[in-house]
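Here's a quick tour of a single protein chain, written for someone who likes to poke at coordinates. Have a look at the model first, then read on.

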Amino acid sequence: MISFTVTALVFGVVFLAELPDKTALAGLVLGTRYRASYVFAGVAAAFALHVALAVAAGSVLTLLPQQIVQALTGVLFLGGAAVLLMKKGEDEEDVRSPENQSFWKVAGTGFMLILVAEFGDLTQIMTANLAARYDDPLSVGLGAVLALWAVAGLGIVGGKALMRRVPLRLITKAAAVLMVGLGVWSLWEAVSG
């Protein structure tokens, strides 16, 4: 049986914790470049896996080696920035054209980025703790996954709206700079932690 109270509480806590996180930015960046439904499919699958792991493992996830996760996240963000900066000659019509983007490539990109970037993240640890506290894995899992999907959806839709008003070249450069910043920050956390 699902508890509406526990689900709503978990949704609110996880939504607010995830909103300012790097995931919203990643969704925004992917949303400017790829078909939104493909991006969301990959991101949603990664979040569902994260929530399942968090609920199943409970508070044990807090013992994972954060430095390795942060270092890998940093490398992925820096790699993503390099890919963005090296792409030349792509115009806005190429990016908007869904036939140039395979579902598996785009969904796989979103899935892998979120899978690695969010592993051991605050919201995953928070979900594990909430699952242990309430002893209601179904309600906690539902609230957490809906919150994460909502944040991802907002980021992806925000990316599409931004692309209608700002030239793609400027978005690409700004996204690359932000990804470099996130990459450096993640590597700094890995080294200093």
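Is D136 buried or exposed, going by its relative accessibility? D136 counts as buried, because its relative accessibility is 14% and the cut-off for buried is under 20%. Keep in mind that this is a predicted model.

## The overall fold

This one is helices from end to end: the protein chain has nine of them and zero strands. Reading along the sequence, you just get α-α-α-α-α-α-α-α-α.

The protein chain runs to 193 residues, and 44% of them are buried. Take the contacts with a separation of 6 or more, and 94% of those join residues 24 or more positions apart. On the outside, about 10000 Å² is exposed, with carbon and sulfur atoms supplying 71% of that area.

## Around D136

Back to D136, which sits in the loop between α7 and α8 (137-165). Its side chain makes a polar contact at 2.7 Å with the side chain of S139.

Setting aside neighbours within four places in sequence, D136 is in contact with M1, S3, V6 and A131.

## T7 comes at S139 too

S139 turns up again when you look at T7, a residue of helix α1 (residues 4-18). Here the side chain of T7 reaches the backbone oxygen of S139, at 3.3 Å. So S139 offers its side chain to D136 and its backbone oxygen to T7, if you read the two pairs together.

T7 is buried as well, because its relative accessible area is 10%, and buried means under 20%. Apart from neighbours within four places in sequence, T7 is in contact with I2, S139, L142 and G143.

## The cavity

How many cavities of 30 Å³ or more does the structure hold? There is one, and the largest cavity takes in about 60 Å³ of space.

Its lining is made up of F47, H50, V51, A54, E118, D121, T123, Q124, T127 and L148. Two helices, α3 (36-57) and α7 (122-134), each supply at least two residues of that lining, and α3 gives the most, with four residues. By chemistry, the lining of the largest cavity is a mix: four residues are nonpolar, four are polar and two are charged.

Technical notes:
Residues numbered from 1 in each chain as written. Predicted model: local features only at pLDDT ≥ 70, side-chain atom pairs only at ≥ 80, totals over all residues. Heavy atoms only, no water. Buried < 20%, exposed > 50% of the residue type's maximum accessible area, 1.4 Å probe, protein only. Contact = heavy atoms within 4.5 Å. Areas by Shrake-Rupley, 256 points an atom, 1.4 Å probe, with all protein chains shown as cover. Polar contact = N/O pair within 3.5 Å; in protein donor to acceptor, adjacent residues only side chain to side chain. 1 Å grid on protein atoms, 1.4 Å probe; cavity = no way out; pocket = protein on both sides within 12 Å on 5 of 7 lines; lining within 4 Å. Points joined across faces, edges and corners; volume = space filled by probe spheres on them. Nonpolar A, V, L, I, M, F, W, Y, C, P; charged D, E, K, R; others polar.
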